[in-house]
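Grab a pencil and get ready to look around a protein. Try each task on your own before you read its solution.

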Amino acid sequence: MVTEGKDRYANIIPIAELDSAEKRIHPFPVYNRLRQTTPVRYDETRSCWDVFRYDDVHAVLKDPAAFSSRRALAVREKETILTMDPPRHNQMRSLVNKAFTPKVVNDLGPRIAAITDELLDSVLSQGRMDIVHDFAVPLPVIVIAELLGVPPEDRHLFKEWSDVLVKGPEQNTDEEFRQVIDEKIKATDELTAYFTKIISQRRTETAEDLISILLRSEIEGQKLSDEEVISFSILLLAAGNETTTNLITNGVRRLTEDPQLQQRLSQTPEDIPAFIEEVLRYYPPVQAIGRVATRDIEIGGQRIKAGDQVVSWVASANRDETKFDNPDQFILERKPNSHLSFGFGIHFCLGAPLARLEGQIAIRKMMERMKEIQLQSGIQLTPIPSPFVYGVKEFPVSFRT
Ligand code: HEM
């Protein structure tokens, strides 16, 4: 049973304005309204500030001295680069950067393409598939499992754990809230036990997977502890899987909304990287990013106090009319496309090159092998139960080959 107060979990409580499945599938008019009426506001229910305008979100993310990432950790949550400030953040980040160089990521291209083909092979003859279950979930999970060097047979466990880690209460009753927290504690304990076993094996073998590389790495002459490697591995699972799954699904959702776009991408695959960038802006897999003010500071004319929690809505910033022309239109040619979907500044997503590559390959292979992809008729989209990750539970499509 959890005794800690809800304030440790402010970031997982949904905002009251998104109070129906319909609004969580189409939250953008709500963000537009909040951006006009209360661009920076204090939400008493969640005990935090919400920031909705591009310039304000940008100002928060670019200033780690005033807006710290060191939030109160959830029960059993371990410190990772995501929750560190400089100078410790710089040290850890430069170390893990070595494992995520553009070369490491680009070398994964052929393997990602092969996994993508295998996943499509098994469903193509049926003329229908669930994009989420058959494609967008397994692809990033298999890639990260191979990268970390863990057995691919364990991937169903990965999926269950990462679902729980990004989950939030749907109704936000005290009982449901406690239940979600208990699930999170259980998943974190299981993940810790899982990686503890893997790491003790890797300590005695020399391999070239990411975990082995991290175990050998040093910061200023000091090796990473087992605990640090475990928490980083858990972060990669949590940060990398759900997000990339939703990038792919949100991309396919967009293609089913615009058959002409589908035709265009199959004729000019060189437009696919621009398509992925616009999907990231238009349907961002991560809607909001949390920080804590380190001192009294003014944002958008509001006085934020030291210690206050601040939630920056990148999904709203990406639709800010002062930054993007016709923000509610999906424009493939948009240039520059300075969306904030991977964050900004020192915590900019470490996995962005990998996520982009997976998204691009997934869509390229679909465009090569499938035609006239359509959402099956009569389907009501259901949002995934997370207040900050944006996507749908299922996306069943039909298509021609
Ligand atoms: C950080 C989004 C995929 C690993 C972030 C942040 C965002 C983000 C918004 C910044 C958080 C903050 O400022 O507090 C996304 C999206 C993805 C994606 C939208 C997919 C479309 C991945 C993948 C990996 C990954 C595939 C790794 C395999 C990380 C890590 C951080 C991070 C380690 C922490 C970086 C730091 O604190 O310095 N991601 N991510 N992400 N992401 Fe991603």
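Below are some exercises with worked solutions, and keep in mind that the model is a predicted one.

**Exercise 1. Check the span of helix α12**

Task: Work out what span α12 should have at 1.5 Å a residue, and compare it with the separation of its end C-alpha atoms.

Solution: Start with the residues: α12 covers 226-257, which makes 32 residues. Next, the expected span takes 1.5 Å times one less than the number of residues, so the helix should span 46 Å. Now look at the model, where the end C-alpha atoms are 47 Å apart, and that agrees with the expectation. While you're here, check how covered the helix is: 26 of the 32 residues of α12 are buried.

**Exercise 2. Lay out the five-stranded sheet**

Task: Find the order of the strands in the open sheet of five strands, and say which strands stand at the edges.

Solution: Walk across the sheet and you get β1-β2-β10-β7-β3, with mixed pairing. β1 (40-43) and β3 (67-68) each have a single partner strand, so they stand at the edges, and one side of each has no neighbour in the sheet.

Now take the pairs in turn:

- β1 and β2 (residues 48-51) are antiparallel and share four bridges; Trp 49 in β2 is the bridge partner of Tyr 42.
- β3 and β7 are antiparallel too, with two bridges, and Phe 67 sits opposite Ala 293 in β7.
- β7 and β10 run antiparallel and are joined by five bridges; here Gly 290 faces Val 311 in β10.

One more thing about β7: five of its six residues are buried.

**Exercise 3. Find the iron's protein partner**

Task: Which protein atom is the donor of the iron atom of the ligand, and where in the chain is its residue?

Solution: Look around the iron atom of the ligand for protein donors, and you'll find only SG of Cys 349, at 2.3 Å. Then trace the chain on both sides: Cys 349 belongs to the loop between α15 (314-317) and α16 (352-369). That loop also holds Pro 336, and the peptide bond from Lys 335 to Pro 336 is cis, with omega near -5°.

There's another cis peptide bond to look at, joining Pro 86 and Pro 87, with omega about 0°. Pro 87 is in the loop between β3 and α4 (88-99).

**Exercise 4. Explore the nonpolar cores**

Task: How many residues does the largest nonpolar core have, and which element gives it the largest share?

Solution: The count is 100 residues, and those with the most contacts inside this core include Phe 195, Phe 275 and Met 366. The largest share comes from α12, with eleven residues. A separate core has 19 residues, among them Tyr 54, Val 57, Ile 297 and Leu 340.

Now zoom in on Met 366: leaving out residues up to four places away in sequence, it touches Leu 120, Ile 131, Phe 135, Val 252 and Ile 373. Phe 135 turns up again among the contacts of Thr 116, together with Leu 139, Ile 361, Ala 362 and Lys 365, again setting aside neighbours within four places. Thr 116 lies in α6 (residues 109-124), and it counts as buried because its relative accessibility is 0%.

**Exercise 5. Two residues with positive phi**

Task: Place Ser 47 and Glu 372 in the chain, then decide whether each is buried, partly exposed or exposed.

Solution: Ser 47 is in the loop between β1 and β2, and its phi is near 50°, a positive value in a residue that isn't glycine. Its relative accessibility is 34%, so Ser 47 is partly exposed. Glu 372 is in strand β11 (residues 371-375), and this non-glycine residue also has a positive phi, about 50°. With a relative accessible area of 47%, Glu 372 is partly exposed as well.

**Exercise 6. Locate Lys 305**

Task: Where is Lys 305, and is it buried or exposed?

Solution: First, its place is the loop between β9 (302-304) and β10. Second, its relative accessibility is 53%, and because exposed means over 50%, Lys 305 counts as exposed. Third, list its contacts beyond four places in sequence: Ala 293, Arg 295 and Asp 296. Finally, go from Lys 305 to Phe 135, 170 residues away along the chain, and you'll find their C-alpha atoms separated by 45 Å.

Key:
Residues are numbered from 1 along each chain as its sequence is written. This is a predicted model: local features need pLDDT of at least 70, side-chain atom pairs count only at pLDDT 80 or more; totals for chains, interfaces and linings use all residues. Side-chain values use heavy atoms; hydrogens and water are left out. Buried means under 20% relative accessible area, exposed over 50%, partly exposed in between (1.4 Å probe, protein chains only). Two strands pair if DSSP finds at least two bridges between them. Donors are N, O and S atoms within 2.8 Å of the metal (3.2 Å for Na, K and Ca); water is not among the atoms, so sites may look incomplete. A nonpolar core is a set of buried Ala, Val, Leu, Ile, Met, Phe, Trp, Tyr and Cys residues joined through side-chain atoms within 4.5 Å. Contact means heavy atoms within 4.5 Å.
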